[in-house]
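Trainee: I should like to request a close look at a single part of this model, the sheet architecture of one chain. Please then set that part in the context of the assembly as a whole.

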Amino acid sequence: MIFKLSIFTCLLAGALAAQSDAELQVLPVRLASAANGAIYMISGDGGNITVQVGSQGVLVVDTGLAPLAPKAMAEIRKLSKGPIHYIINTHVHPDHVGGNEAFTKMIPPNRAQPLLIIAQENVLNRMTTPVTGSTTPPYQIGLPSDEYFLPFKDLHYNGEAIIVYHEPKAHTDGDSVILFRGSDVVSAGDIFTPDGYPFIDLERGGSVQGEIAALNFILDLAVPADKQEGGTLIIPGHGHLCEEAEVVEYRDMIVIVKDRIQDMLKKGMTLAQIKAAQPTIDYDTQYVSANSFVKTDQFVEAVYKSLGGK
Amino acid sequence: MKARIATLLCVLALGPANRLVFAQVDFSGSWNPLYHEDYPERFPGPELADYAGLPINAAARARGDAYDADRISVVMEYQCRPHGSDYSMRGSANLRITKDIDAESEQPVSFKTHIGWMEEERTIWLDGRPHPPDAAVHSWAGFSTGVWEGNMLTITTTHLKPSYLRRNGIPRSDKAKVTEHWTRHGNILTVIVVIDDPVFLTEPLIRSENWMLDPGQEFLPQSCEPAPEIPAPKGTVPQHLPGTNPFLHEVADWYGLPVKATRGGPETMYPEFRQTMGKPERVPEKCDRYCTCGMNGGTCDLR
């Protein structure tokens with residue numbers, strides 16, 4: 001398993017870093033109002049980065065891949081020259097925390113209000129725990145300095161309440177969903193990746209049941225405007241800016257696949273038989289492409305094992 | 001003399017631009033859909049598991065087979081949705097088109113469509129603006145731009161939310177690109193819709209609809225509030241597990257069709273498919289479903 005972990009980390013970081021020459025896109029998500037700051041989404045290779053800018057300064061959700069950190073910071077600086085006071089990490093994977101170290105070094109020290117890096121405590125634990133057999137040392141810089149262990153943590157910044165909710169055993173065991181309450185924006189991390197199957201990281205505490213519960217929670221937070229459109233905006237871990245409807249589509253896909261595999265398990269089918277039965281056949285063309293990080297077999301296996309399959 | 005020459009040159013220079021504007025067709029007005037084509041599918045709605053004539057792949061077919069209409073009653077978020085704008089043009093609601101003109105240049109900037117069903121609004125930009133980046137939010141109407149090809153307006157729509165090709169569970173993905181060709185002949189508007197969907201189609205799906213100008217048309221406001229119609233535990237998604245859908249033969253048996261024909265696929269779009277589609281398993285003694293649908297202006301009933 002340890003070997004798998006290090007392989008995973010290398011594959012993820014390597015595959016994504018190889019594309020680090022690609023440009024980043026900056027998308028306005030919510031314009032500033034008299035009360036709230038503005039919210040932007042930076043996307044490209046690596047995980048999406050949420051940026052909130054306002055009169056107090058800058059708050060960033062996730063820092064993307066390490067090699068892209070200078071580019072990401074340059075884009076953030078085009079949005080605001082204000083002090084960066086907060087980084088929130090949605091989870092531990094290197095395409096979301098990879099830029100922490102570089103960001104920490106690029107952000108000038110601020111005695112009045114030093115940079116805080118917020119994450120659920122399992123993120124810190126996993127970032128600082130050496131992985132036996134891995135040549136990659138644990139992170140030393142850019143570690144969460146303001147980890148939380150209760151169901152949620154809240155703060156008020158740039159004129160609005162920001163609530164960081166822990167979603168246990170979803171994509172990993174340290175996932176956070178961030179609600180910008182005034183702006184009506186949710187930053188979902190890799191719980192929601194509308195262009196690909198979820199990566200249910202069993203080795204890091206993820207499960208399909210938790211993934212579904214987390215998506216249901218995001219649906220609870222999201223309120224569409226008229227005719228099931230507009231209203232709450234959802235920034236996914238990867239992929240385009242979404243609304244509630246896309247989360248419904250995604251949640252339903254996972255529930256349907258989970259129900260099918262559960263039914264097959266009840267019939268005593270083995271993993272090989274379940275894979276052969278193609279329980280995701282109607283979703284593969286939508287969620288799997290040549291560049292997909294999660295392939296069909298990997299998703300089916302994660303669901304199978306989450307449901308107790310051996 | 002010089003002033004006259006300059007004026008003449010200006011007129012000549014402006015001429016082509018003016019022709020471009022005024023040669024364009026004005027689609028503004030209220031339009032009533034005509035159901036000469038595919039009346040039963042469009043008006044009462046398609047039968048379950050009828051995929052005939054759709055160039056779908058195995059993924060779309062499996063999605064349709066798993067579809068349980070209870071999903072709309074249980075998952076409230078499916079209620080109160082407009083159709084995707086590609087399907088809206090095929091629905092049963094009336095259509096109003098207005099034109100926006102730039103006050104300074106007198107150039108048309110956009111057409112706006114208003115569909116009665118869920119009051120769906122769409123803007124078709126004519127000013128050459130680009131489509132948004134891939135990362136931008138999608139909508140039921142999508143983002144549409146139009147260009148003139150003679151008297152025909154060709155519209156390209158992207159950034160659509162996931163919707164359906166047929167209202168029986170056959171999906172259309174958010175990666176689809178929709179091309180429309182609008183032409184007007186007197187009081188008749190003809191819309192040809194071409195859907196390219198790399199996720200669910202093996203070749204483009206092409207459909208046409210006709211509309212008749214109806215200046216006296218009135219649109220009523222539509223309000224809609226989702227409500228749970230079937231109690232179910234949170235997160236329940238009604239579906240037919242593989243191999244358990246009892247309705248897959250229904251449409252074939254009702255209409256005396258070979259099951260193979262109802263399963264869809266590109267081959268079912270073409271006339272030569274008749275040579276290979278086989279025989280029906282059951283032929284009803286008499287028509288007992290939607291027998292007069294659309295005939296002589298009649299409506300559909302189950303007798």
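**The barrel of chain B and its surroundings**

Mentor: In this predicted model, chain B contains a closed barrel of 9 strands, which follow one another in the order β1-β2-β3-β4-β5-β6-β9-β10-β11 with mixed pairing. From one strand to the next, the twist averages 30 degrees. In general, the strands of a sheet pair through backbone hydrogen bonds, in either a parallel or an antiparallel manner. The start of the barrel order illustrates the antiparallel case: strand β1 of chain B, residues 29–34, is joined by 3 bridges to strand β2 of chain B, residues 95–101, and the two run antiparallel. Within this pair, B:Gly29 has B:Ile97 of β2(B) as its bridge partner.

The barrel belongs to a chain with 7 helices and 11 strands. The C-alpha trace of chain B spans about 85 × 45 × 40 Å along its principal axes. Of the 303 residues in chain B, 33% are buried. Among the contacts of chain B with a separation of 6 or more, 60% are between residues 24 or more positions apart.

Chain B also touches chain A, where 30 residues of chain A are in contact with 33 residues of chain B. On the chain A side, the elements that give two or more residues are β1 (25–30), β2 (38–43), α6 (208–221), α7 (244–266) and α9 (284–287). The largest share of that side comes from α7(A), with 11 residues. By class, the side of chain A that touches chain B comprises 11 nonpolar, 7 polar and 12 charged residues.

Chain A itself has 10 helices and 12 strands. Its C-alpha atoms fill a box of roughly 60 × 55 × 40 Å along the principal axes. A compact globule of 310 residues would have a radius of gyration near 19 Å, and the 19 Å of chain A agrees with this. Buried residues make up 51% of the 310 residues in chain A. Of the contacts in chain A with a separation of 6 or more, 66% are accounted for by residues 24 or more positions apart.

One helix of chain A provides a local example of burial. In α2 of chain A, residues 69–79, the buried residues are A:Ala69, A:Lys71, A:Ala72, A:Met73 and A:Ile76. The buried residues of α2(A) pack against β2, β3 (49–53), β4 (58–61) and α4 (100–106) of chain A. Strand β2 of chain A thus appears in two settings: as a packing partner of α2(A), and as one of the elements on the side that touches chain B.

Notes: Residues are numbered from 1 along each chain as its sequence is written. Chains are lettered from A and ligands numbered from 1 in the order in which they are written. This is a predicted model: local features need pLDDT of at least 70, side-chain atom pairs count only at pLDDT 80 or more; totals for chains, interfaces and linings use all residues. Helices (H or I, at least four residues) and strands (E, at least two) are DSSP runs, numbered from the N terminus. The radius of gyration is taken over C-alpha atoms; the globule rule is 2.2 Å times the number of residues to the power 0.38. A residue is buried if 20 or more other C-beta atoms lie within 10 Å of its own, exposed if 12 or fewer, and partly exposed in between; C-beta atoms are placed from the backbone. Two residues are in contact if their C-beta atoms, placed from the backbone, lie within 7 Å. Two strands pair if DSSP finds at least two bridges between them. Axes are lines fitted to C-alpha atoms, for helices over the stretch in contact, and angles run from 0 to 180 degrees between N-to-C directions. Ala, Val, Leu, Ile, Met, Phe, Trp, Tyr, Cys and Pro count as nonpolar, Asp, Glu, Lys and Arg as charged, and the others, Gly among them, as polar.
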